[in-house]
Amino acid sequence: LNATRYSLQGFAHALRHEAAIRQELIALAILLPVALWLPVSALARLVLVMSMLAVLLVELINSSIEAVVDRISLDHHPLAGRAKDLGSAAVFLSVVMSLICWAVIAGPLALAWLLGR
């Protein structure tokens, strides 16, 4: 029960203080119905949804890294910058992975729809 409460507090904090989380949740709110509507296999649908959730997961971890670094010191330090840059790179990579999943699975369907096939 405590772990659940702490998790919910973490989600609430992320919603209040992390713009990137809010943006990614908006993308999820738009793309989740699309993923459920697309005429694809259950496995393909799962890949689409999980790729979006992975972005949120990595963003939460990145936000945690940034909070810890800022807690230690607000002074510029090369290792603090490296930690933040590495977290940002992880988020970027997760977004690229999700985009690739969407391009491979939904791309051909969207193209056929646009071309009227």
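Among contacts in the protein between residues at least 6 apart in sequence, 69% link residues at least 24 apart. The model behind this figure is predicted.

**Overall build**

The protein has 5 helices and 0 strands. Its pattern along the sequence is α-α-α-α-α. Its radius of gyration is 17 Å, whereas a compact globule of 117 residues would have one near 13 Å. Taken along the principal axes, the C-alpha atoms fill a box of roughly 60 × 35 × 20 Å.

**Surface and charge**

Of the 117 residues, 24% count as buried. The protein exposes about 8,300 Å². Carbon and sulfur atoms supply 73% of that area. The charged side chains comprise 8 positive and 7 negative charges. The mean positions of these two sets lie 9 Å apart.

**The nonpolar core**

In soluble globular proteins, nonpolar side chains tend to be buried together. Here the largest nonpolar core has 14 residues. Ala35, Leu38, Val40, Leu48, Trp102 and Ile105 have the most contacts inside this core. Three elements give two or more residues to the core: α2 (19-37), α3 (42-72) and α4 (78-105). Of the elements, α3 gives the most, with 5 residues.

Which residues does tryptophan 102 contact, leaving aside its neighbours within four places in sequence? They are Leu31, Val34, Ala35, Leu38, Leu48, Ser51, Met52 and Gly107. Two of these partners, Ala35 and Leu38, are also among the core residues with the most contacts. Leu48 is another such partner.

**Along helix α3**

Three residues of α3 are worth following. Alanine 44 lies in this helix. Is alanine 44 buried or exposed? Alanine 44 counts as buried because its relative accessible area is 15%, and the cut-off for buried is under 20%. Its C-alpha atom is 9.5 Å from that of tryptophan 102, although the two residues are 58 apart along the chain.

Leucine 53 is also found in helix α3. At 37% relative accessibility, leucine 53 counts as partly exposed, because that class runs between the 20% and 50% limits. Glutamate 24 is 29 residues away from leucine 53 along the chain, and their C-alpha atoms are separated by 9.2 Å.

Valine 58 has its place in helix α3 too. Leaving aside neighbours within four places in sequence, valine 58 is in contact with Ala90, Val91 and Ser94. Glycine 81 is 23 residues from valine 58 in sequence, and the two C-alpha atoms are 18 Å apart.

**Helix α5**

Leucine 109 lies in helix α5, which covers residues 107-114. At 32% relative accessibility, leucine 109 counts as partly exposed. Where does leucine 109 make contact, leaving aside its neighbours within four places in sequence? Its partners are Leu38, Pro39 and Val40. Proline 39 is 70 residues from leucine 109 along the chain, with 8.5 Å between their C-alpha atoms. Two of the partners, Leu38 and Val40, are among the core residues with the most contacts.

**C-alpha separations**

The pairs named above are set out here.

| Pair | Apart along the chain | C-alpha separation |
|---|---|---|
| Leucine 109 and proline 39 | 70 residues | 8.5 Å |
| Alanine 44 and tryptophan 102 | 58 residues | 9.5 Å |
| Leucine 53 and glutamate 24 | 29 residues | 9.2 Å |
| Valine 58 and glycine 81 | 23 residues | 18 Å |

Key. Residues numbered from 1 in each chain as written. Predicted model: local features only at pLDDT ≥ 70, side-chain atom pairs only at ≥ 80, totals over all residues. Heavy atoms only, no water. Helix = DSSP H or I, 4+ residues; strand = E, 2+ residues; numbered from the N terminus. Rg over C-alpha atoms; globule rule 2.2 N^0.38 Å. Buried < 20%, exposed > 50% of the residue type's maximum accessible area, 1.4 Å probe, protein only. Contact = heavy atoms within 4.5 Å. Areas by Shrake-Rupley, 256 points an atom, 1.4 Å probe, with all protein chains shown as cover. Lys, Arg positive; Asp, Glu negative; His and termini not counted. Charge placed at Lys NZ, Arg CZ, Asp CG, Glu CD. Core = buried A, V, L, I, M, F, W, Y, C linked by side-chain atoms within 4.5 Å.
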